[in-house]
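Hi,

Here is the structure I promised to pass on. Please have a look at it when you get a moment; my notes follow below.

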Amino acid sequence: MPNTTEQRQQILAGPILRRMEPGRLVIWLASQSPLDFRLQLSVDHDEWQSVLPVTHHPVRVGEHCYLHLLSFTPAAPLPQDRFIEYDLQWLDGHTKDWHGLTEWAADAAQPGQSLPRFVLRSRMDKLLHGSCRKPHHASDDGMVTAANWLAQRSEQPDQWPGALLLSGDQVYVDDVAGPMLTAIHQLINKLGLYPETIEGALVNNSKELFDCEYNYYRRGELLPDIENNESLQKRFFEGARKPVFTSANADNHLVTFAEVIAMYLLVWSPVPWEMIDADTRPALSKEHNQRYERERRHLRAFVSGLGSVRQLLAQLPTLMIFDDHDITDDWNLTADWEQTAYGHPFSRRIIGNALFAYLLCQGWGNNPDAFEGDTMDCVMRWCQTPQSSQQNAIIEHLLGLQCWHYSLDTSPKLLVLDTRTRRWRSETNLRHPSGLMDWEALSELQNEILNHESIIMVSPAPVFGVKLIEAVQKVFTWLGKPLMVDAENWMAHPGTANVILNIFRHARTPRNYVILSGDVHYSFVYGIRLRSSRTTSPHLWQITSSGIKNCFPDRLLDTLDRLNRWLYAPRSPLNWFTRRRPLEIIPYRHSRASRGERLFNASGMGYVEFDSEGKPVNVEQITPTGSACFKMEKTSG
């Protein structure tokens, strides 16, 4: 009979509620063994019903690590707007005993509850959303804040959000603290996550990588010393200098598939941290030692909140989409970047490993049906033979996929965009920023939104950003340096900008159109109207919440915020030099703003309430020190 510790550690991460609908419940978790599961459900404390997974094919990623996406179909559609208590149980193959959540994940339940619950909302009238969660950032974790916020509504099912939307940078594969890398390598050894061979680098396999002198803070030196790799080093490991924004720290960039899988487990669950020695540390130089200690202080605070994070993900249906840091900084920003990165076997493997891990830990649960067939067949072949040839095959397949976007037929309809893999490449200069979506993807988007009264669209990068910051990005693009300032905005590419604006101007565009975004490390709300005589012109709102655990430099953001208001005031002639001149853009002020301030800068989670017509009537940024509420009325300037 396993002891309590063994029972708790059998499930490494989860349960994480994913796509949840009355007729189908999808739950993700990771375990040490290939377990059988069943789901016990109770509506408002009524009799329990038991449901078995419809299909269940665990993906083995190590000797003692299996990833599960469990799909349950109840005998009858589940009721909406009511609490549904659940107990996800696993079967001990030796004793034939079922072990429930109270044994292996007691922290998944809210305070005062013995088991976790969820609510299937009949309308998508409330949402939590956010992006950018960097574990070692010196700020509070917005996921913990959101868990505490939800616990205050533990007896009010009508006050629960319909979903938690994570709009990018759920993990930072390219910006990893030294202590996190230590934990990753311990967990790889503990779970026997699969090793791999490496092509095109000074090390031949993952063991050589982990044992070499370049493993910590020096991974950029692993590239062969040949002239063709100069641009590759700058893109991946030097941490491109960003004089207006921040400096990236890519010198601990994750390389192997096992490293990325271990990272996911460590940012979503407290269990893996119980299995490793947090005091173990590598031999480092004096300079790197100081950085390591600073990062370790921030990481300890992050780990202390993971029980609350597990609780949040066990209560709310969670939908996700990638941005660049889920894979690597500036992912597919320019055509030149793509040619360089995909043209070298080492960088291609780095990108492919992160995308493979994204598929299994994030993308799969958003829309399981989209990956059935060829994709999961390819994954299962790799599981049977986790060798370099099969790994290259799955990476080749994933790099060609065009089904990362998805939609939900909710009310309002929810669309989640892929703004990374279907880019509109510059036809004039390969070093100019690519459009965030190409013509074909935008045409599909238009067909999906026409004739709907209201739409909620998730775009990782804001469609309507801060004009001054976009102008700075444009200047650096003219100078041939778009990578220096992350020139990731919808207006940077003429084709994409014109098409998305034409979609908004279309006569059958939804009357109310809400865009939820992240990416930028600050939060804001804009109201947008067409400058036209049409009495039925659509009303758009750009609602941006960022970051969950990341912030913009305070003084710099304050300067940019005020300059933007002065330079791009409603009557400023500079507005005529922007692509958005046919639009009236109205910034909304938040409740904690000083005079002239429009942007909000603090880690937390965004919250939006919609009325019956799909209009946002309450927009907040929830932080540990209270909420900043955006005043949803016209604001001058």
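L313 sits in helix α10, which spans residues 306-315. This is a predicted model, and in it L313 is buried, with a relative accessible area of 2%. Leaving aside residues up to four places away in sequence, L313 touches P15, I16, L17, M143, L164, W268 and T318. L165 is 148 residues from L313 along the chain, yet 11 Å separates their C-alpha atoms.

Two of those contacts of L313, M143 and W268, turn up again in the lining of a cavity, the second largest. Searching the whole structure gave four cavities of 30 Å³ or more, and the second largest has a volume of about 50 Å³. Besides M143 and W268, its lining consists of R133, L166, D169, Q170 and I548. Sorted by class, that makes four nonpolar residues, one polar and two charged.

The other item for you is helix α13, residues 374-384, where T375, M376, C378, V379, W382 and C383 are buried. Viewed down the axis of α13, these buried residues fall within an arc of 155°, so they line one face of the helix. D374 and Q384 are exposed, on the other side of α13. What do the buried residues of α13 pack against? Their partners are strand β5 (59-62) and the helices α7 (257-268), α12 (345-366) and α14 (388-399).

Happy to talk any of this through once you have had a look.

Best wishes

How values were computed:
Residues numbered from 1 in each chain as written. Predicted model: local features only at pLDDT ≥ 70, side-chain atom pairs only at ≥ 80, totals over all residues. Heavy atoms only, no water. 1 Å grid on protein atoms, 1.4 Å probe; cavity = no way out; pocket = protein on both sides within 12 Å on 5 of 7 lines; lining within 4 Å. Points joined across faces, edges and corners; volume = space filled by probe spheres on them. Nonpolar A, V, L, I, M, F, W, Y, C, P; charged D, E, K, R; others polar. Helix = DSSP H or I, 4+ residues; strand = E, 2+ residues; numbered from the N terminus. Buried < 20%, exposed > 50% of the residue type's maximum accessible area, 1.4 Å probe, protein only. Contact = heavy atoms within 4.5 Å. Arc of directions from axis to C-beta.
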